[in-house]
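Dear colleague,

Please find below the structure that I am handing over to you. I should be grateful if you would read the notes after it with the model open.

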Amino acid sequence: MRKGILTIGATVAALSLGLTACGGDDGGTSATASGAPAASGASVGKIGVILPDSKSSARWETADRKYLKEAFDAAGVESDIQNAQGDKTAFQTIADQMITNGAKVLVIVNLDSGTGKAVLDKAQSQGVATIDYDRLTLGGSASYYVSFDNEKVGQLQGEGLVKCLTDDKVEKPIIAELNGSPTDNNATLFKNGYDSVLKPKYDSGEYVKGPDDSVPDWDNAQAGTIFEQQLTQQPKIAGVLAANDGLGNAAIAVLKKEKLNGKVPVTGQDATVQGLQNILAGDQCMTVYKAIKKEADAASQLAIALAKGEKPAAPATVKDPESNRDVPSVLLDPQAIYFDNVKDVVTDGYVTKDELCTGDFAAKCTEAGVS
Ligand code: BGC
């Protein structure tokens, strides 16, 4: 599925990218690596961003919106960032309005490939440049794709679950999988990643494959219902591969009712405050931290270059499995987070000590070296 992948060091990515634009003719008005404002914003078109929802993960509103806005503002570029709130019709309406209002670039996080493709194709037909942000639109026409190495994310989750089960000396654990939305290409990539770790263990008999279900739209409430059914069907579940912190938290809530929290390791993703607190409490085994600031910086620099009519170079390509197109891409490196390195997420400025170390978590924070 991936071809010629070049996962670049996170620091380099946002900075070096695109600003050696080929075909750029703005005579040095690009935003600089330090994020200094462009010398002149006059010839830069407006940039529209459509985020997917605000429930499937806290990240979209607390991190992506914030970092994208900061990057556009620092460059003195006009932006309009909206959230489709999980509504595919609203997603298309917002895109239409952005195009009508003169957006020169659209940055989208699709809700599914079908509606994503419709938006991208329409933008292209109107001369509006496009970027797939975080999620690749299969069969789509985006000029660029900016994300993390999502199979690596899944691999870290698989390895994390194995580490926690090994630490707990669990033998022949029955594993439940709580996958992301079947309409999100990332969910497929995450699963490819964690199954590449778990399947050999199922095949060798070291682990036992238990229930394996996808959660429509990453809906956290449905995840609770689904996990309840999984646990009813297989009460001996000993490890839960949950694809993000929201799904993990739903599983933990069900485990709590059975007094199994802390005994059954659960994975996650996104390093949300809730996920990190679940790790501090010992109820969640690990999460995957994706430095959203670097993702937002990479996407905004590409968008700004496009808004100036440039054709920035990208450091990698990803093959769209539906169209076989090589999509110019930026893929960043994810990091596994356990109790001992929760502090890294705070040091990086992604969450603050104040929001993480509330109430009973203060003592846990001290124990985990969060300062
Ligand atoms: C993102 C994850 C997020 C999930 C639900 C995925 O496409 O990569 O970070 O948790 O969507 O919003």
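The notes below cover the ligand site and then the disulfides.

This is a predicted model, in which local features need pLDDT of at least 70, side-chain atom pairs count only at pLDDT 80 or more, and totals for chains, interfaces and linings use all residues. Residues are numbered from 1 along each chain as its sequence is written, and side-chain values use heavy atoms, with hydrogens and water left out.

The ligand is surrounded by 14 residues, of which Ser56, Asp134, Arg135, Asp184 and Asp270 come nearest (a residue counts as near if one of its heavy atoms lies within 4 Å of the molecule). By class, this shell comprises six charged, five polar and three nonpolar residues; Asp, Glu, Lys and Arg count as charged, Ala, Val, Leu, Ile, Met, Phe, Trp, Tyr, Cys and Pro as nonpolar, and the others, Gly among them, as polar. At least two shell residues come from each of helix 2 (59-74) and helix 6 (185-204), helices being DSSP runs (H or I, at least four residues) and strands likewise (E, at least two), numbered from the N terminus.

Oxygen atoms of the ligand lie 2.6 Å from a side-chain N or O atom of Ser56, 2.6 Å from a polar side-chain atom of Asp184 and 2.9 Å from a side-chain N or O atom of Asn244. The protein covers 100% of the 310 Å² of accessible area that the ligand has on its own (Shrake-Rupley method, 1.4 Å probe).

The structure holds two disulfides (cysteine sulfur atoms within 2.5 Å). One of them joins Cys164 to Cys285, with an S to S distance of 2.1 Å; this link is right-handed, with 85° about the S-S bond. Because Cys164 lies in helix 5 (residues 150-167) and Cys285 in the loop between helix 9 (273-281) and strand 9 (287-289), the pair ties together parts that are 121 residues apart in sequence.

Yours sincerely

Conventions. Polar contact = N/O pair within 3.5 Å; in protein donor to acceptor, adjacent residues only side chain to side chain.
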